[in-house]
Amino acid sequence: MLKDPVSNDDHVQGQQNAEITLVEYGDYQCPFCGHAYLIIKQIQEHFGLKLRFVFRNFPLTEIHPLAKPAAELTEYAGSEGKFWKMHDLIYENQANLSLERLVELADSLDLSSTKLKDGPNTFDQKIQKDFIGGVKSGVNGTPTLFINDDRYAGPVEFRYLILAINKTITS
C-alpha cells in the first residue's frame with residue numbers, strides 16, 4: 001500500500017482527477033527502470049487522459065553510483081520547469097550515462113552547469129523524502145509500481161500492466 005499520497009510535491013503527468021494513478025519509484029541507472037520507462041510510455045499512450053503518472057526517486061546508490069547525481073539533475077531541471085524533459089533524456093541516454101553525459105544533458109536543456117555544480121545537494125531533501133516514502137510503502141528495489149495506491153507485483157510488461165490496470169478500474 002502506498003503510504004505517502006500523491007501531492008503537489010510530486011512530479012506528475014496527467015490530470016489530477018484521472019481514473020488511474022500509476023506511481024513509480026525509480027532509479028535512473030537501473031536497467032529494469034530503463035525498460036519500465038519504455039513500457040510506461042506505452043501505458044500512458046494507451047490510457048490517455050484516464051491515467052496520471054507519478055515518478056518518485058529511489059536511487060540505489062550502493063549499486064548505481066550515478067543514480068543520485070541523475071536524480072539531483074532531474075530535480076534541478078524540475079526547479080526550472082523541465083523535470084519531464086530531463087527525466088526522459090536520462091532514460092533515453094541510460095546506456096552511456098556518466099557525469100560528463102549528465103552535464104551535456106543539462107546543457108542541452110539550457111540549464112546552468114555552474115549552478116548544477118555549485119548546488120548538487122540542494123535537492124537532497126526531495127530525493128530523501130521520496131526514498132523514505134518508498135521505504136514506508138515497502139519499496140526495496142526498482143522499479144516498484146503502485147496502481148491507485150496498491151503495489152503492483154507483476155512483471156513490468158505492457159500486457160500485464162494493462163490487465164492489472166483494467167482489473168483495478170472494474171473492481
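Biologist: How many bridges join β4 to strand β5, and which way do they run?
Modeller: 3 bridges join β4 to β5 (residues 150-152), and the two run antiparallel. Strands here are DSSP runs of E, at least two residues, and helices are runs of H or I, at least four, numbered from the N terminus. Two strands pair if DSSP finds at least two bridges between them.

Biologist: Is this a predicted model, and what are the ground rules?
Modeller: It is a predicted model: local features need pLDDT of at least 70, side-chain atom pairs count only at pLDDT 80 or more, and totals for chains, interfaces and linings use all residues. Residues are numbered from 1 along each chain as its sequence is written, and side-chain values use heavy atoms, with hydrogens and water left out.

Biologist: Back to the hairpin. What sits in the turn?
Modeller: β4 and β5 have 2 residues between them. Asn148 in that turn has a positive phi of about 45 degrees. Leu145 has Tyr152 as its bridge partner in β5.

Biologist: What does β4 pair with besides that?
Modeller: β2 pairs with β4 in the antiparallel sense, over 4 bridges. Tyr25 stands opposite Thr144 there.

Biologist: Which residues of β4 are buried on each side?
Modeller: Thr144 and Phe146 are buried on one side, Leu145 and Ile147 on the other. Buried means under 20% relative accessible area, exposed over 50%, partly exposed in between (1.4 Å probe, protein chains only).

Biologist: New topic. Is His87 buried or exposed?
Modeller: His87 is buried, with a relative accessible area of 2%. The residue lies in helix α3 (residues 83-92). Leaving aside neighbours within four places in sequence, His87 is in contact (heavy atoms within 4.5 Å) with Tyr28, Tyr37, Phe55 and Thr74.

Biologist: Now α6. Which residues are buried there?
Modeller: Lys126, Ile127, Asp130, Gly133 and Gly134. Seen down the axis, they fall within an arc of 130 degrees, so they line one face of the helix. The arc is that of the directions from the helix axis to the C-beta atoms.

Biologist: What covers them?
Modeller: The cover includes β1 (11-13), β2 (20-26), β3 (51-57) and α2 (67-79).

Biologist: And the largest nonpolar core, how many residues?
Modeller: The core has 41, and Ile43 and Ile90 have the most contacts inside it. The largest share, 7 residues, comes from α1. A nonpolar core is a set of buried Ala, Val, Leu, Ile, Met, Phe, Trp, Tyr and Cys residues joined through side-chain atoms within 4.5 Å.
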